[in-house]
Number of protein chains: 2
Amino acid sequence: MADAPLLGLKLDPGTSTPLFAQIYEALRRRIISGQLGTGYRLPASRNLAQELGVSRATVVAAYDQLMAEGFAQGRRGAGVYVSDIGEVEIDQASHTPVAALPDVTSPPSPPIRPFQPGRPDMRLFPYRQWARCFSRVARSDPQALVVGSDPFGDLHLRTAIVRYLADWRGLNVSPQQILITAGSVDALEICLRTLASPGDFIALEDPGYAPLRSLIGSLGMRPRWLELDAHGACLPDIGAGVKTPVLAMLTPSSQFPLGGAMPTKRRVEFLSWAQRTDSWIVEDDYDSEFRYAGRPIPALASFEPRFDQGGRTLYLGSFSKVFTDSLRLGFLVVPMHILERISMSVRAHGTKASIAPQRALALFMENGEFYRHIRRMRRMYGERRSVLVGLLRDQLGHIVSFEDHHAGMQIVVRLAPQFDDVQIAKLAAQRGVTCAALSSYYACEPKVQGLLLGFCGFSPQELKSAVNVLREVLESV
Amino acid sequence: MADAPLLGLKLDPGTSTPLFAQIYEALRRRIISGQLGTGYRLPASRNLAQELGVSRATVVAAYDQLMAEGFAQGRRGAGVYVSDIGEVEIDQASHTPVAALPDVTSPPSPPIRPFQPGRPDMRLFPYRQWARCFSRVARSDPQALVVGSDPFGDLHLRTAIVRYLADWRGLNVSPQQILITAGSVDALEICLRTLASPGDFIALEDPGYAPLRSLIGSLGMRPRWLELDAHGACLPDIGAGVKTPVLAMLTPSSQFPLGGAMPTKRRVEFLSWAQRTDSWIVEDDYDSEFRYAGRPIPALASFEPRFDQGGRTLYLGSFSKVFTDSLRLGFLVVPMHILERISMSVRAHGTKASIAPQRALALFMENGEFYRHIRRMRRMYGERRSVLVGLLRDQLGHIVSFEDHHAGMQIVVRLAPQFDDVQIAKLAAQRGVTCAALSSYYACEPKVQGLLLGFCGFSPQELKSAVNVLREVLESV
């Protein structure tokens, strides 16, 4: 063994970061900092593996990742070299060289681990078919990749969404009513900025989607928490001295994070509450594609008898559950009678959705690939869900309880009150298993102790090992 | 002439909307509403032109626009047919048919008219070269069109931006410090959300960028106006009982909208103000590509002696002046010591920049097309600017005055105080000329009367006609 360790690498077998990721990270940092310059030949994988006491496959995986991201190039056998993509000129005397800077860079997101919730399995995404849509736009209408003629978004995409809504969500609207947004948070912001003012109360489900709380706070608005009963979110309190919320954010198709659809009776009560109090409802339909039994549940907005003229519901759709959130595309369905208000607000604050992927997405929907992929994922996720349900019953039935909603991308298990879900999530994380603590989704007491277990991104084998880890953690506390 | 007018079209010669746009709009509305169904053959352009009493070229222009946007297809001579893209299913009894809905749709942005400021000439954009970058990504790395591994954006793009900043803006930073945003407003929001809180004062130049004011208001923050003197924005007042702004938004390379760069002395004063008061400076470098004489002015951030460890400046770059704002890509350069804060804020609020165009933009920058296009545009816009300066001297020298900054995308002319710039802008708009009223960019009195005349998007001939219209309007009041 050489006196000086090769490249000065040191691995930490005690952390939950896989060894290949540690090697990748360490090399990446040295390339960015310039310690390993352009053209530097990385040690042969066999040698580095021997030196570090890991398998050669581990080093090869790290090199492959570096090559995939453009930090290095070459081929196995013929040598792997640092590419010039990481070259950073720091030549001004007043600047500290990057090499000495604290390592607060945002590293690539760690590989998704079970049970990270709400994430599609991007290993199964039809990348070639998706890329072909871009190639087709590039050939046939290159302008569509950079300029748009409408602040509401590409008309082809809006028309494709209209068809999708009619077929899948029972919602019949016109393309004029579709506003393309840069994902859900952008859409929520547009709703809040247009329909509410600082100081106003916004009704939010408790438990619910955490970024919504910080968004409302940052806009100077105040939350009014809606408790959940067996029929979903309860109506806001009415009475003397209680200010009516101007807007309620709901997840009627599948409550986030608990799951379960709001029954028709409660939907109608919300609609008539909104009509009576001149309030608004924003229906966040974030993962309704994934229903594994029975028919799709129609959107709340489709229950409005006069959606266009007097409707109080804005429907919010997302593509994040199919494409991950890197694509940043979602949409808002606006009742006709407030199109002008929304349009003015969009013009005043500017749009945030890029035109670049819109036409390609329209093609992807129109040529059927989008639907084929969703059907395939639904089958796959449905199987994974069954596996997880079985494992939970067999392995954890004595500790946890859960409801089976046959929908969504995660299962919420409840723990007995003596458990501390935050502590359990921490212990599991140390052992390579991500499970979000249910209590952290609550704003008010009592916070139910439980865990969110996402199942979509993981093979039956991965789910099995993760449930084993979870059982050991639960039994150890 | 037939008894019933062809398609029931009626033109209004009295409005400022060009005739071709009126025809286009009317047909588009009928196609969207379903009045003209899929496959409907539009009347021969010759016949419709005769019927409406317009030139055939006017009808052809309207048909071309419909075909460009996918509402119709075919070729001239062989017939133009309504395409099925506008087909909208409205079959639910509870919905009003689209045909009868009020026409509050957001129409495609009207064609850009002189002197619309701040808009690049997209007729000159290298669409094929841009599309080729997408095709290349689609072929070589299709994953890059949908998934990203870093919430700060694609590393290739961030590295390309680092090179751009070093070469063009005298700013030496590392790719870690670059955060890709969905345009400037997104970047400004991230700065405000991370570094300021509701109730805080934000220093804004007066006159300045209007959307910034509504953004600050919607976040519950309060403006502190910075007057402009001959050296650019003045420092915020200091004194007993005056709360220091936590953040100042500046346009030091080219004051918006007046133009002109902030001299070094004032820059240094601002930097030492920020250091002394622990405040932040956001440097909005919105159009520094377009400087027609002399060397590029270095960024304010490049003056910071310790940008990385203690820097108080965040630099904000935009691609809107090259790609229009449909692409929705900009970036923020973050001093190293607050990377972690910005990163946490981005994770809490979510990102809005789409991954889809990022790798393609990196290629476009790396293969030099980006720089070739900017150089070409700079030459072209420089010529147009000279034409406009000459026209203003010859035609309007007796009414307006202006400073010549040899930079930017518009010229601001000042009017004598007896003029009402809003009224003049209105009169000009009726005659097909868009000029923004300078007074509307001011928050405080005295509001200077003047007009913003954008010159980039218009040929010398277009500029000439528009100056003629403007002279007639000014002489008429």
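This text leads through one helix, one sheet and several salt bridges of the structure above.

The model is predicted, so local features need pLDDT of at least 70 and side-chain atom pairs count only at pLDDT 80 or more, while totals for chains, interfaces and linings use all residues. Residues are numbered from 1 along each chain as its sequence is written, chains are lettered from A in the order in which they are written, and side-chain values use heavy atoms, with hydrogens and water left out.

A convenient place to begin is helix α8 of chain A, residues 264-277, which reaches 20 Å from its first C-alpha to its last, close to the 20 Å expected at 1.5 Å a residue (the expected span being 1.5 Å times one less than the number of residues; helices, H or I of at least four residues, and strands, E of at least two, are DSSP runs numbered from the N terminus). Its buried residues are Arg266(A), Arg267(A), Phe270(A), Leu271(A), Trp273(A) and Ala274(A), where buried means under 20% relative accessible area, exposed over 50% and partly exposed in between, with a 1.4 Å probe and protein chains only. They lie on the same side of α8(A) because they cover an arc of only 155° around the axis, as judged from the directions from the helix axis to the C-beta atoms. On the other side of α8(A), Lys265(A) and Arg276(A) are exposed.

The buried residues of α8(A) pack against several strands of chain A, among them β8 (247-250) and β9 (280-285), contact meaning heavy atoms within 4.5 Å. An open sheet of 7 strands in chain A, with mixed pairing, has the order β3-β11-β10-β9-β8-β4-β5, and two strands pair if DSSP finds at least two bridges between them. Within chain A, β8 and β9 run parallel and are joined by 4 bridges; Ala248(A) has Ile281(A) in β9(A) as its bridge partner.

Turning to charged side chains, a salt bridge (a side-chain nitrogen of Lys or Arg within 4 Å of a carboxyl oxygen of Asp or Glu) forms between Glu189(A) and Lys352(B), whose closest N and O atoms are 2.9 Å apart. Glu189(A) lies in helix α6 of chain A and Lys352(B) in the loop between α11 and α12 of chain B, so the pair joins two chains. Glu189(A) is buried at a relative accessible area of 1%, and Lys352(B) counts as buried at 4%. In chain B, Glu189(B) forms a salt bridge with Arg193(B), and a network of salt bridges links Glu189(A), Arg193(A), Lys352(A), Glu189(B), Arg193(B) and Lys352(B).
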